[in-house]
Amino acid sequence: MVIARPNGLEHARLGLAVGVKAAGNAVNRNRIKRLVRESFRSRQAGLPAIDLVVNARPAAGKAANAEIVASVAALWDRIKQRCARS
């Protein structure tokens, strides 16, 4: 789940909320955060000036790395499209 709000800056910022219930142990939580951060870094220049908070859901803890990267990439595209419309 992603929450987005406009910010007064010229670039997008990222916040992460990956809890124990969503991902389990610290290894899985850090894996999810690492994948989301890397995906954000690669697409940050193309995103509008917004603050994003990614809240991991329980399915993320059991998902493979490729699934997480694909899901987050789709979220960035959807956010970009919605911001372009408004």
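These legends walk through several close-up views of one predicted chain.

**A note before you start.** The model is predicted, so local features need pLDDT of at least 70 and side-chain atom pairs count only at pLDDT 80 or more, while totals for chains, interfaces and linings use all residues. Residues are numbered from 1 along each chain as its sequence is written, and side-chain values use heavy atoms, with hydrogens and water left out.

**Figure 1. The whole chain, with four helices and three strands.** Helices (H or I, at least four residues) and strands (E, at least two) are DSSP runs, numbered from the N terminus. Following the sequence, you will meet them in the pattern β-β-α-α-β-α-α. The radius of gyration, taken over C-alpha atoms, is 13 Å, close to the 12 Å that the globule rule gives for 86 residues, so the chain is as compact as a globular protein of that length. That rule is 2.2 Å times the number of residues to the power 0.38. Along the principal axes, the C-alpha atoms fill a box of roughly 35 × 20 × 20 Å. Contact means heavy atoms within 4.5 Å; among contacts between residues at least 6 apart in sequence, 83% join residues at least 24 apart. Buried residues make up 29% of the 86 residues, where buried means under 20% relative accessible area, exposed over 50% and partly exposed in between (1.4 Å probe, protein chains only).

**Figure 2. The aromatic pair of phenylalanine 40 and tryptophan 76.** Rings of Phe, Tyr and Trp (its six-membered ring) pair if their centres lie within 6.5 Å; planes under 30 degrees apart count as stacked, over 60 as edge-to-face and the rest as tilted. By this rule the count comes to one aromatic pair. Its ring centres are 5.8 Å apart and the planes of phenylalanine 40 and tryptophan 76 stand at 65 degrees, so the pair is edge-to-face. It links distant parts of the chain, with phenylalanine 40 in helix H2 (residues 26-43) and tryptophan 76 in helix H4 (residues 65-85), 36 residues apart. Both phenylalanine 40 and tryptophan 76 are buried.

**Figure 3. The surroundings of tryptophan 76 in helix H4.** Tryptophan 76 has a relative accessible area of 1% and is buried. Not counting residues up to four places away in sequence, tryptophan 76 touches Leu14, Val36, Ser39, Phe40, Arg43, Leu47, Leu52 and Val54. For tryptophan 76 and arginine 43, 33 residues apart in sequence, the C-alpha to C-alpha distance is 7.7 Å.

**Figure 4. Valine 36 in helix H2.** Here is another buried residue, with a relative accessible area of 3% for valine 36. Setting aside residues up to four places away in sequence, valine 36 touches Leu14, Leu16, Val54, Val72 and Trp76. Leucine 9 is 27 residues from valine 36 in sequence, and their C-alpha atoms are 21 Å apart.

**Figure 5. The largest pocket, with a volume of about 280 Å³.** On a 1 Å grid over the protein atoms alone, a pocket is an open set of points where a 1.4 Å probe fits, with protein on both sides within 12 Å along at least five of seven lines; lining residues have an atom within 4 Å of a point. Grid points are joined across faces, edges and corners, and a volume is the space filled by probe spheres set on the points. The lining of this largest pocket has 17 residues, of which Ala56, Arg57, Ala60, Ser71 and Val72 lie nearest the centre. H2, strand E3 (50-55), helix H3 (59-62) and H4 are the elements that give two or more residues to the lining, and H4 gives the most, with five. By class, the lining has 13 nonpolar, two polar and two charged residues. Ala, Val, Leu, Ile, Met, Phe, Trp, Tyr, Cys and Pro count as nonpolar, Asp, Glu, Lys and Arg as charged, and the others, Gly among them, as polar.

**Figure 6. The second largest pocket, with a volume of about 150 Å³.** Met1, Val2, Ile3, Ala4, Leu75, Arg78, Ile79, Arg82 and Cys83 line this second largest pocket. Strand E1 (2-6) and H4 each supply at least two residues of the lining, and H4 gives the most, with five. By class, the lining divides into seven nonpolar, no polar and two charged residues.

**Figure 7. Alanine 4 in strand E1.** Alanine 4 is partly exposed, with a relative accessible area of 29%. Leaving aside neighbours within four places in sequence, alanine 4 is in contact with Ile50, Asp51 and Leu52.
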